[in-house]
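Biologist: I would like to learn how to read a model like this one. Please show me the chain, and I will ask about its features in turn.

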Amino acid sequence: MERSLESQVDQAVEAWLRWVPRWAPATHRGRVAPCRRCLGSPILSAVGIGGNVPHGVQHGLSTRIKAIVDQAVAEYTARNLPMLQAELDHQADRNRSRAYRPGEGLDPEYEGMPLDPDPLPGAPFLFTVAGMADEAAAELPPLPPLSEDAKAALRQEVALADDYANMIGREICGLLLRHRLNVQAAISQYVEPQIEAMLAELSEALDSPFDPDTP
């Protein structure tokens, strides 16, 4: 029997709660560009995670919830949207033929994150992981062309899939409301003390910039 949406959300939050104690600022990499998955996410708002929470902590939960939405939409598409399903199957076959797929099989905390660190000024990379992945994708043959009628029908099915995803997302937001206290308690216990310690250390360094004992 398939798990209910409620049980999937419960298990995703529980997995995130087990992971949060392992989060540390040293493992959090800043981003030049905001994460479109997390910025202004209604999922994060529903569970009480604000923009002042480090992005790595946000991303670990939003990615787990996104996987639930993606799975629900995939099942809906397979049942009701044959043209879109055929296109997705073509794309999946195409992706499987790539020799290099560095963005697959990652833990939820890293899925969708940049594959490479931001370059330092004046120190360009000899190569990047993202660049190698793009080269592997460029070697694949293009997808078969579609007629104008097929494109119009496909756009309609994509719109239906988007509507279904929005419906599932709204339902999940309602289910997440009951997890707010546990999520906020975990952030207070495991995340905020580490941030406060970092700020205190930074404040001491700024107060004593010429301290001979400061490395």
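Biologist: How are H1 and H6 oriented to each other?

Modeller: This is a predicted model. To judge a helix pair, take the angle between the two axes and see which class it falls in; angles that are neither roughly parallel, roughly antiparallel nor roughly perpendicular count as oblique. Here the axes of H1 and H6 are 10 Å apart and the angle is about 60°. H1 and H6 are therefore oblique to each other. The contact involves Leu5, Glu6, Val9 and Val13 on the H1 side, and Ile168, Glu171, Ile172, Leu175 and Leu176 on the H6 side.

Biologist: Which hand does the crossing of H1 and H6 have?

Modeller: The crossing of H1 and H6 is right-handed. For a second case, take H3 and H4 (residues 82-96), whose axes cross at roughly 120° and come within 7 Å. H3 passes H4 in a left-handed crossing. There Ala74, Thr77, Ala78 and Asn80 of H3 meet Pro82, Leu84, Gln85 and Leu88 of H4.

Biologist: What elements does the protein chain have overall?

Modeller: The protein chain has seven helices and zero strands, so from the N terminus on each element is α, as the helix and strand assignment gives it. Contacts then tell you how the chain folds back on itself. With a separation of 6 or more, 82% of the contacts in the protein chain are between residues 24 or more positions apart.

Biologist: How much of the protein chain is buried, and what does it expose?

Modeller: Of its 215 residues, 30% count as buried. The protein chain exposes about 13,900 Å², and carbon and sulfur atoms supply 57% of that area.

Biologist: What span should helix H6 have, and what is the distance between its end C-alpha atoms?

Modeller: Count residues, then compare the expected span with the distance between the ends. H6 covers residues 148-176, which is 29 residues, so at 1.5 Å a residue it should span 42 Å. The end C-alpha atoms of H6 are 42 Å apart, which agrees.

Biologist: Which residues of H6 are buried?

Modeller: Among them are Ala150, Leu154, Glu157, Ala161, Tyr164 and Ile168. Cys173 is another buried residue of H6.

Biologist: Why does cysteine 173 count as buried?

Modeller: A residue is buried under 20% relative accessible area. Cysteine 173 has 17% relative accessibility, so it counts as buried. Not counting residues up to four places away in sequence, cysteine 173 touches Pro42, Ile43 and Ala46. Isoleucine 43 is 130 residues away from cysteine 173 in sequence, yet their C-alpha atoms are 5.6 Å apart.

Biologist: Is threonine 63 buried or exposed?

Modeller: Apply the cut-off again. Threonine 63, found in helix H3 (residues 55-80), counts as buried because its relative accessibility is 6%. Apart from neighbours within four places in sequence, threonine 63 is in contact with Arg37, Pro108 and Glu111.

Biologist: Where does proline 25 lie, and what is its relative accessible area?

Modeller: Proline 25 lies in the loop between helix H1 (5-19) and helix H2 (42-47). Its relative accessible area is 22%, so proline 25 is partly exposed.

Biologist: Which residues is proline 25 in contact with, beyond its neighbours within four places in sequence?

Modeller: Proline 25 is in contact with Gln194 and Met198. Methionine 198 is 173 residues from proline 25 along the chain, and the two C-alpha atoms are separated by 8.5 Å.

Terms used: Residues numbered from 1 in each chain as written. Predicted model: local features only at pLDDT ≥ 70, side-chain atom pairs only at ≥ 80, totals over all residues. Heavy atoms only, no water. Helix = DSSP H or I, 4+ residues; strand = E, 2+ residues; numbered from the N terminus. Buried < 20%, exposed > 50% of the residue type's maximum accessible area, 1.4 Å probe, protein only. Contact = heavy atoms within 4.5 Å. Areas by Shrake-Rupley, 256 points an atom, 1.4 Å probe, with all protein chains shown as cover. Expected span 1.5 Å × (residues − 1). Axes fitted to C-alpha atoms, helices over the stretch in contact; angles between N-to-C directions. Parallel < 35°, antiparallel > 145°, perpendicular 65-115°, else oblique. Left-handed = near helix turned anticlockwise from the far one by under 90°.
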